[in-house]
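Welcome! Have a look at the sequence and the structure below, and then we can go through them together, one question at a time.

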Amino acid sequence: MPEPATILCVDDEQVALFLRKAVLQKFGFEVVTASSAKDALRILSTQRVDLVLSDLLMPEVSGTELAKAIKEKYSGLPVVVVSGVNEIPPEVRYADLFISKLEGPVRLCERLREVLSQSRSASSAT
Amino acid sequence: MADNEKVNILMVDDQVSKLLSYEVILGDLGENLIKATSGREALDHLLKHDIAVVLMDVSMPEIDGFEMADMIRQHPRFQKTAIIFISGVHLSDEDRIQGYRRGAVDYISVPVVPEVLRSKVSVFVDLHRKTRQLEKLNRELEERVEQRTQELRESETQFRTLANNIPQLAWMAHQDGSIFWYSQRWFDYTGIASDKFDGFAWRHVVHPDHVARVEDGLQRSWKTGELWEDTFPMRDKDGNHSWFLTRAVPIFDSQGSLVRWFGTGTDITHQITAEEKIRALNTQLEQRIAELEAIMQVLPVGIALAHDSECETITGNTALCQLLGLGPDQNISLGGRSDSPYQVFRDKKRLEMSELPVQRAAATGKNIGTTELRVRLMTGEERHVLASASPLFDENGKVRGAVGAFFDVSERKHLEDVLRERADLLDLASEAVIVRDRDGTVRYWNHGAETLYGWTRQEVLGRSLHHVLKTAFPVPFSEIEDSLDSVGTWDGNLIQETRDGQKITVASRKALNRERHVILEINRDITSRLQAEEALRQTEKLAAMGRVAGIIAHEINNPLEAITNAFFLLRDHPSLDEDARYYASLAEQELSRVSHITRQTLSFYREAKQPVRLSLSALLDDVLELQTRRIQLSQIALEKRYQSEGEMQGFPVEIRQVFLNLISNAIQAMPNGGRLRVSVRETGKYNGSVPGISVAIVDTGAGIRPEDAKHLFEPFFSTKSEKGTGLGLWISRGIVQKYEGSIRFRSVRLTNESATCFRVFIPLARAQAGARPAFAADSIVTSKVAQGSRA
């Protein structure tokens, strides 16, 4: 059993962030939270995480813009964007996965694991 | 009395013996001897007989011879009777006898010598006889004169009767000119009573202006004896004047001396009137000719006049000279010559001189109807002319020339050309351009109208417009009329019917012409536009719904996720007892249903804005894969012919929808089986066509009815009644047009089978560059398509 993965969970809504953190922890992930993209980038500069899970629509910097910024600095770090809007945003290509919030907790965790395993195999290959 | 007739000799003597001796002496003379013995007896005999000579004795007892002679002489009858006295010579006697000498008197002295007596008596007898003969001759002569006079009188009467009865007035004058006789007609005419005229009464009858001249003329003739003739008016009894030709003819006797004048007066008023009329007519005629010449010169129509049948001399009026570019004195007959200052053409053919209208009219003697000619001047200028000509005939019916009329229609021709050009332009207009009378009768119908309504020009000209088109007016017709009358135009939408019974909506603009008798209508079919607008409204509605859905999705999905997560955590929470966990799981299940519903209904999909590389054959495979079940259910044999990958830049969702529509239609057309063939190939640049990718979808289904064919790409047109939205092909065409491509179809319907082919063509240039970005931004498609893209 490998060391549990650390996920940086980003959302401007505190309730949603709190509950998503709890769900992820329940599925065995280590969770770090940030309430804005700026906050998230600050945490990333001080702490190592395995995956960034960000909400799409946030004030100031959106989830896809955050993904773009992360990919510029930490190209190997997988970014997953969740959204309540079922519309693929133009800059979605910066994210590794775009997923609807309505997929539900079980499906979310499954997809996160898929992304993590891909990321690990990619990094181990290099 | 004949010469041999005996004459009577009377012997008077109182002595019988003497008487007897005288008887003897005179017996030899052979005459009648009458004896008387007294003066009384002698007188008796004288009275009873014609006595040639009286032999008388002077000395008688009762009455002597001289007394006796006096008595005899007193009687006028016997004044010239010869007397021979017998006496003894006495001087006194001789003197007395001498006194009778002046008559036929002689004497014989006694004694009587018989021979003397005999000779003296015989002298008187001869004298008497001669006198008698003379008298007889004289009588006869007088008788003849009398007879002659009678004859003359009769002849004069006849002449006057004649002169009275000739239609002329007649008169006779003495040598000096004084008129002594007028015919009855003269009196009747002048009204002068026949008993109240003098020889110069004519002076009152002849018109005062002419009297002096007539007098002069007459005087001259009276002197010279020459015939006189003059014409002057004479007054009739009512005071009116008539013109008379008057003649005076001299009448000469056998010696050649002028005895009188015979005159006649002939009423020539009618002749004079006729002459005056002719003169007046001549004047009028001259005026008319002058007028005609003036008219000819100012007439805007060219007039040519050939003065001879050979047309060697032709003159023209001002208009014609201008028309032909000639000076006013130039001979127009030069027309057909090669060195002529102008050339004449009919259609394309140059006319020879003999072919020109005036020349033809003169040559054939027939009217030359209006022909259209072209005149080319030396300057190169061309004029269009309408020409006609007529021959002119002389009094014998022979052609003496011809006259031609030439009307310059260049301006009109030009206008006609312009109008025709405009009409051609009108025909180019896609709008229906119609000209109608105020009562609706169609006068003009352009090509656009033919296309729009399906009625040809020949079919509608002269018919009532609104009857043909079954026009439904949005406002009362009178309102339209009022608008036309007051402002000259009307704009509005009309609903009309095409020839095949389809109702269309047209935007109509009506305008009344300046003369206010015809109306120009320009009608544009806005049915498609209205439907497109409706479709757009629908789309906008959908888009608006999409935007609302996006907002709702965001507002609902966020809390929904939070709640879902909360119940997920709650469901297995160790602090809850069994019942509470069960409730939580129920809530979680219900939540998942809510999530599912919001995903189904509120999830709209907007595609990426950049076109991507895609393969049409792969895309077709995807679509056909999705339809596999339906293809199998309908027992359709599928054939794929991919001669090319059909690689292009594009938006997969759009392209997928195009083929999904076409393939889906093809399958629906064959509910009872058939063949479906899908082919892809690249077309090269040949025959001037544009190279590109061509995809054909061919089915053997029901085919397309010709009446449906033209509406196939219209929005909301569907042959599938409730099943179809009527938007499929319309949207598909819109998508293909974004790639500057086309969708064409061909349907062949046979008795047992039909084949329909839809061919999508994307030009290579556009296939490489993708759809025009301007349209891509508006690309909104439904969730159904979105699902398709994910499948």
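Q: Which residue of β5(A) stands opposite V81(A)?
A: This is a predicted model, in which local features need pLDDT of at least 70 and side-chain atom pairs count only at pLDDT 80 or more, while totals for chains, interfaces and linings use all residues. Residues are numbered from 1 along each chain as its sequence is written, with chains lettered from A and ligands numbered from 1 in the order in which they are written. Strand β4 (residues 79–83) of chain A runs parallel to β5(A), joined by four bridges; strands are DSSP runs of E with at least two residues, helices are runs of H or I with at least four, and both are numbered from the N terminus. Opposite V81(A) in β5(A) stands F98(A).

Q: Which residues form the covered face of strand β5 of chain A?
A: In a regular strand the side chains alternate between the two faces of the sheet. In β5 (residues 97–100) of chain A, L97(A) and I99(A) make up the uncovered face. The covered face is formed by F98(A) and S100(A).

Q: Why do the buried residues of α1(A) lie on the same side?
A: Helix α1 (residues 14–26) of chain A holds the buried residues A16(A), L19(A), R20(A), V23(A) and L24(A). Buried means that 20 or more other C-beta atoms lie within 10 Å of the residue's own, exposed means 12 or fewer, and partly exposed is in between, with C-beta atoms placed from the backbone. The arc is taken from the directions from the helix axis to the C-beta atoms. These residues are on the same side of α1(A) because they cover an arc of only 135 degrees.

Q: Which strands stand at the edges of the open sheet β19-β18-β22-β21-β20 in chain B?
A: This sheet of five strands has antiparallel pairing, where two strands pair if DSSP finds at least two bridges between them. One example is β18 (residues 432–437) of chain B, joined to β19(B) by three bridges, with V435(B) opposite Y444(B). The edge strands each have a single partner, so one side of each is left without a neighbour in the sheet; they are β19 (442–445) and β20 (489–497) of chain B.

Q: At about what angle to β20(B) does helix α16 of chain B run?
A: Axes are lines fitted to C-alpha atoms, for helices over the stretch in contact, and angles run from 0 to 180 degrees between N-to-C directions. Residues are in contact if their C-beta atoms, placed from the backbone, lie within 7 Å. Helix α16 (residues 477–487) of chain B lies across β20, β21 and β22 of chain B, and its angle to β20(B) is about 150 degrees.

Q: Is H204(B) buried, exposed or partly exposed?
A: H204(B) sits in helix α7 (residues 202–205) of chain B. In space, 8.9 Å separates H204(B) from M234(B), C-alpha to C-alpha, although they are 30 residues apart in sequence. Because H204(B) has 13 C-beta neighbours inside 10 Å, it counts as partly exposed.

Q: What is the mean pLDDT of chain B?
A: The pLDDT gives the predictor's confidence in each residue, from 0 to 100. In chain B, 88% of the residues reach 70 or more. Over residues 603–608 of chain B, the pLDDT is below 50, and residues 772–791 of chain B are also below 50. The mean for chain B is 82.

Conventions
Contact = placed C-beta atoms within 7 Å.
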